[in-house]
Amino acid sequence: MQFADIILPLNLPLTLTYGVPVELQGLVQPGMRVEVGLGRNKIYSGLVLQVHNFKPEHYTVKPIRNLVDEAPVVFPLQLQFWQWIARYYLCSLGEVMHAALPAHLKLMSESLLIWNDMYEQPPTGLSDNAFIVAEALHIRKQLTIGEIRQLLDGRNTSKAINELLEIELAIVTELLEEKYKARTERYVFLEAAYEAEQKLQEAFAALEKAPKQLSLLLTFFQLKQQQAGIPVAALLKKAKASAAQLNALAEKGLFRFENIATDRLPSGESNGDAAFTLNDAQQQAFTAIRKGWADNKVVLLHGITGSGKTLIYIQLIREAIAAGKQALFLLPEIALTTQVVSRLKAYFGDELGVYHSRFSNNERVEIWNKVKDGKYKVVLGPRSALWLPYQELDCIIVDEEHDTSYKQYEPAPRFHARDAAIYLASLHKARVLLGSATPSVESTFNAQQKKYEYVPLKERYRGVSLPEIEPVSAKNTQVALSGLMTTNLLDAIARTLAEGKQVILFQNKRGYAPFLICGACGWIPLCKNCDVSLTYHKQTDKLHCHYCGTKSAPIKHCLQCGNTQITTRSFGTERIEEELQRIFPKARTARMDWDSMRGKNKQSQLIEDFTRGRVDILVGTQMVVKGLDFEQVGLVGILSADSLLSYPDFRVNERGFQLMEQVSGRAGRLDGKGHVIIQTFNLRHPVLQWVKEHDFRGFYQAEIGMRQQFGYPPFTRMVRLTCRHRDMQKAAQGAEALAEELQKIPGIFIQGPAAALVPRVRNFYLQEIWLKLPREAAPLQQGKEGISVAINAVMQQRGNAALQIIADVDPF
DNA sequence: AGCACGCCGACT
DNA sequence: GTCGGCGTGCTC
Ligand SMILES: [Zn+2]
Ligand SMILES: [Zn+2]
């Protein structure tokens, strides 16, 4: 007897073992989806992890019911990758599977109620709900549980269903359906009989009095030279004919129709062999990258904005394709709307697959298959592109490697795509290139330690020079704008606009008024689900909670003392745009933040407008840094540098430096007159000095010293454990119990528990424990295993069932 | 994730 | 008394 360990896309601690029935022996392979029963009568498509001969001792196995696939949909290498993710990031294989497989490859049965034909009609004596279901069932003959829930509005469905099953009015079966549906298109073919010359002549003759049909037939033959079947839509369009005319020909027996599965993904033509040459600096960097790779090292390419990293990437990808392998190009999701996509498409055409969150579930399956079949040689995508089934990767390029969006937080697996990419590459024996204008402290440290090869690319492409950075004291602000914009900034904006150049203003708060307070008693409107203050949004005329998304009616008077004077503190992007319109009425303003970019093509539209000079002043949050890739702006203003440099996180300086450096990169200009103004109440903040001098080295030296002194990464590894419970007491007790269990682990440093920065979100109370672990692989893994044990111990304690413990390895 | 089992409040 | 609410535990 053979057995198979099956992964189900659920948060189960382990795989489940099923028996391989005789008729499936030899057919079940790792990576295949199989139908398995779970619990009373659910059927899932699970994924085979391995097949073996070890009979489980403590329970009797259920058999695999059937195969879903004839061949594996997941490669063995991917299963290894999943197992590493689960181990390293402290989550279950099921959670990894859930994240990795496209939704339409994960099947779960739905219960189907079928009318029993022994009954002629619904009997009397049923409860109201059961009667409603019985009547519907009588007409429709079968209903899914979902349909019944809809019918009864979700109330008391199980009772009604049990009532019907009791009297055998209906029987229940489980239905496991393939979710992926190929898109089909109607094609028209010439009937075989008309392939004969003479028969065809007759047909043409008979059409003399129907010129429209004749011309349609001629168009058909014109197109038929390329392919036998012609898409109906294309034919009608080309012939400018109607469906009725086509049907008339079909009725005469000339044509037959067939529905053929087609590709959902648009195929782009490449520019053929678009030739380009690397300049000297690029060529040098390219050679250095190849050398680093030859030494089996990860390469860190430190190239300032506008140094032309993309061309180097393209050249490396070309070589990967030439070697008959695949390449993966990772980007932060938000950067996938920029010109990079069209640039790569121009070079790689149909061999390039782009992956992002806007694809439908059916499209994702098609992308999955094209990667698996090797039709895509290059994949450009965000962190989720790591899950695709690559046959053989030659290289992985992680651009903007410092970017925080590479770290997934919710839900598990809480992985870092840059780090996971390095492991995935090692499985493929592929090479890794990390690229950034502001490399992370971790990667720079690895380069310093000679673990990575460091390749600088200093020269700015096309001779664009670095902008002048001017920190200005925010004390020097106009009274009317109470701390919003300094006269330096206002003057600079006016000057820049007068020169016909564009302005970008950066403010890290969205909405209109991020903070409201009663002028009389100091009362602050708070979210009812979270421990945070609410932000007023003018666009919706509502108060928004940025943690749970709840929108509530705006406050007209204080709920505590009744005072009608509610004052606002701080300025969001909405308010800034409004003020700018008032101060610079002739300037065309635009806003780029989470709220204004929600629509489908909003972001690409804005980029288009900005590039074509249809926007004079752009106000935005982080998005203006990450979501734009042009660098021809006259002035960049950072309205409040202090908010970027004062929050409790050991990476605060790193983030602040990276952000301001990246923002500055937007202000490089060919004429060498780019200008950046940074408003602050602390002109002497060291980060501002480093930014001012573009002094990456100085920043790094200071930062790495601090990390070493206080035992932060890269000198240690951190794990954050969050206890989440609806009850404040239970959350705190759970965290205490967890901390106690953690004490048993040797060699780890425990900080906490303490309430999270925001102690309550969506009505869940959050308690955090921060752990420092040794960075060496073996004791690190030992420590993590200890953490798993501790979590399990706490979860098994009575009364902790509703407690959630979230482990976040290498938190960001 | 579902689903069954079991223990308490508010209805006949 | 029972009906049904949800908190708890399990799925090979
Ligand atoms: Zn008040
Ligand atoms: Zn909230």
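Me: Before we look at the zinc sites, what does "buried" mean here?
Reply: Buried means under 20% relative accessible area, while exposed means over 50% and partly exposed lies in between. Keep in mind that we are reading a predicted model. Take Cys-545: its relative accessible area is 2%, so Cys-545 is buried. Cys-530, at 1% relative accessibility, also counts as buried.

Me: Which zinc ion do those two cysteines serve, and who else takes part?
Reply: Both are donors of the zinc ion (ligand 2), together with Cys-527 and Cys-548. The SG atoms of these residues lie 2.2 to 2.3 Å from the zinc ion. Along the chain, the spacing reads C-x2-C-x14-C-x2-C. Cys-530 sits in the loop between β21 and β22, and Cys-545 in the loop between β23 (542–544) and β24, so you can see the site linking distant parts of the chain, 15 residues apart.

Me: How do I read the geometry of that site?
Reply: Look at the angles among the donor atoms: four donors count as tetrahedral if all angles lie between 85 and 135 degrees. For the zinc ion (ligand 2) the angles are 105 to 114 degrees, and the site is tetrahedral.

Me: And what are the donors of the zinc ion (ligand 1)?
Reply: Here the donors are the SG atoms of Cys-518, Cys-521, Cys-558 and Cys-561, at 2.2 to 2.3 Å. Their angles run from 105 to 115 degrees, which makes this arrangement tetrahedral. The spacing is C-x2-C-x36-C-x2-C. Cys-521 is in the loop between β21 (515–518) and β22 (535–537), whereas Cys-561 is in the loop between β24 (551–552) and β25 (566–569); the pair is 40 residues apart and links distant parts of the chain.

Me: Are Cys-521 and Cys-561 buried or exposed?
Reply: Neither label fits: Cys-521 is partly exposed at 33% relative accessible area, and Cys-561 is partly exposed at 41%.

Me: Let's turn to a sheet. What holds strands together in general?
Reply: Strands of a sheet pair through backbone hydrogen bonds, either parallel or antiparallel. In this model, three strands make an open sheet in the order β10-β9-β11, with antiparallel pairing. β10 (230–231) and β11 (255–262) stand at the edges with a single partner strand each, so one side of each has no neighbour in the sheet.

Me: How many bridges join β9 to β11?
Reply: Eight bridges join β9 (residues 183–190) to β11. To find your bearings, start from Arg-186, whose bridge partner in β11 is Asn-259.

Note on methods
Residues numbered from 1 in each chain as written. Chains lettered and ligands numbered in written order. Predicted model: local features only at pLDDT ≥ 70, side-chain atom pairs only at ≥ 80, totals over all residues. Heavy atoms only, no water. Pairing = 2+ DSSP bridges. Helix = DSSP H or I, 4+ residues; strand = E, 2+ residues; numbered from the N terminus. Donors = N, O, S within 2.8 Å, 3.2 Å for Na, K, Ca; no water. Tetrahedral: all angles 85-135°; square planar, octahedral: opposite > 155°, others 65-115°. Buried < 20%, exposed > 50% of the residue type's maximum accessible area, 1.4 Å probe, protein only.
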